[in-house]
Amino acid sequence: MARLSSCIGYFFVFVILQSFRASASSSARKTASGALFIFGDSSVDVGNNNYITTIPENQADVKPYGQNGFFEGPTGRFSDGRVIVDYIADYANLPLIPPFLQPSADHTHGANFASAGGGVLPETNQGLVIDLPTQLKNFEEVQKSLTEKLGEAQATELISEAVYFISIGSNDYLGGYLGNPKMQETYIPEVYVGMVIGNLTNAIQALYERGARKFAFLSLCPLGCLPVLRAMNPKASESGCFEAGSSLALAHNNALKAILTSLEYILKGFKYCNSNFYNWLDDRIKNPSKYGFKDGVNACCGSGPYGGLLTCGGNKKVTEFQLCNNADEHVWWDSFHPTERIHEQFAKALWNGSPFSVGPYNLEDLFFNKEKLTIADIVDAPDGEHFQ
Ligand SMILES: *[C@@H]1O[C@H](CO)[C@@H](O)[C@H](O)[C@H]1NC(C)=O
C-alpha cells in the first residue's frame, strides 16, 4: 500500500512536470527564433563537398542518393533522403540549414559546415575534406558577417541561443587509423583516441569562447558493423562485425561522455545533449524487425558481400552496383551510411528522449530553454527506449 501511494505521488509529480514542459514549449514555439550550427562529417554534410575538389567517394551528388523524392535529386547528403539535422531543424521550427559553401546562402538561422570524409584531426583524409579546424574558421567568418548584418547585440544573442550540433570522429578511426598503418605503428589505440578527444575538446572550448553555450553530440555508432567493415572482416567474429572498429567507437564515446561531464562543471552556462548512439543503433542492427526494418546488416545500395563496397551511384572505380527495392526496410543505405528512416528515428530520440536515454538535456529542452528533467524527477521509466 505504501508503495502504491508513493507511486501515485510520483505520478502526480510526473504529470505536473510534463504539463509544465508542454506549456513552456507551446509558448516558446510561437516564435521561430534560434539558430542551428552544424559541424561534422558525412553523417550531417548537406552539400558542402559539392563545392570542394575531392574524390567521388566523398561526394553524394549522383543518383540514387536522394532518391526518395523529398528533394528533387541528389543534394550531397549521404542518404536516400534527409539526414538527422534536417529533422532537427524542422522540429525546432527552423528552415533547412544551408551548407556554408552554398553561394549567397542566408545564415540567420545557422549554417552547416560539415564535410563528408572530414575528421577531428587535420591528418584524416587530408586535402580531400574540410577538417574540423577549418570548419571552425568558417564559423568565425559567419559570426563576423552576422555581426555586420545584425549588429553586435543581436548577433551575440543569436550565437549564445543557437544550438551547436557536432557529429564527427568516425573518419578519424576508419580511414585515419584502421586504414592507415603508419598511424597504427605510431600510436596505440588509447593514445590515438586521446588525441581525437583532446582535439575535439579544444574545438568545443573554442566555440564556447566565441559565445556558444548549447551543444549537441552524435556519438559514434558500432563502426565495426558498417557494411564496409563487415565485408573486410578478416576473422568473422560471432556478431559478424569487425571488433577493432567497434572498440574504437566505444572508447571514443566513453571518453567523450567523461569530457562532457567535466566541461559542464568547468564552463559556466555550458549545456549539452548527448546520447548512446552506439547501443541505439546496435539494437536496430540486431533486431531490425522490432523497429520496422527487415534488414540490419546489408546496405541497400552497393555491391559485394553485405553491399560493403562503396559503389553506390556508379561514379567510382567499380561502376556496377545493386539497389534494393525499398530503402525503408534497411538500416544501412550504402556501405557507410544509414537510411533516412534511421536518421529520422534518431532525430526523434534526441529531440524528446527521456533522461534515461538522452541527456542531461534533450534537444527540445535546449532549443526552448527548458529546465532539464532528471531521472529522479520522473522516477519511473516512462514507456519508450532506454538505450543508455
Ligand atoms: C591534437 O592532434 C594532434 C595531431 O594532429 C596531436 O599531436 C595533439 O597532441 C592533439 N592535441 C590534444 C590536445 O590532444
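A polar contact here is a pair of N or O atoms within 3.5 Å; within protein, one must be able to donate a hydrogen and the other to accept it, and residues adjacent in sequence count only if both atoms are side-chain atoms. Keep that in mind for the first stop. You have a predicted model open, where local features need pLDDT of at least 70 and side-chain atom pairs count only at pLDDT 80 or more, while totals for chains, interfaces and linings use all residues. Residues are numbered from 1 along each chain as its sequence is written, and side-chain values use heavy atoms, with hydrogens and water left out.

**Stop 1: the ligand**

Select the ligand, then Asn199: an N or O atom in the Asn199 side chain sits 2.4 Å from a ligand oxygen. Now click Glu123, where a polar side-chain atom is 2.8 Å from an oxygen atom of the ligand. Add Leu121, Gly194, Met195, Gly198 and Asn202 to those two, and you have the residues around the ligand (one heavy atom within 4 Å is what it takes). On its own the ligand exposes 360 Å², and the protein buries 56% of that (Shrake-Rupley areas, 1.4 Å probe).

**Stop 2: from Gly198 to Ala255**

Keep Gly198 selected and add Ala255. Their C-alpha atoms are 9.7 Å apart in space, with the two positions 57 residues apart in sequence numbering. Ala255 belongs to helix α9 (helices are DSSP runs of H or I with at least four residues, strands are E runs of at least two, numbered from the N terminus). Is Ala255 buried or exposed? Neither: it counts as partly exposed because its relative accessibility is 25% (buried is under 20%, exposed over 50%, partly exposed in between, with a 1.4 Å probe and protein chains only).

**Stop 3: the cavity**

Next, select Ile166, Ser167, Ile168, Leu200, Phe217, Leu218, Ser219, His252 and Leu256, which line the largest cavity. A cavity is a set of points on a 1 Å grid over the protein atoms alone where a 1.4 Å probe fits but cannot get out; a pocket is an open set with protein on both sides within 12 Å along at least five of seven lines, and lining residues have an atom within 4 Å of a point. The volume of this cavity is about 50 Å³. β3 (163-167) and α9 (243-266) each supply at least two of its lining residues.

**Stop 4: the pocket**

Finally, find the largest pocket, about 830 Å³ in volume. Of its 39 lining residues, Asn171, Leu174, Leu226, Phe336 and His337 are the closest to its centre. Colour α5 too, which gives the most to this lining, with five residues.

How values were computed. Points joined across faces, edges and corners; volume = space filled by probe spheres on them.
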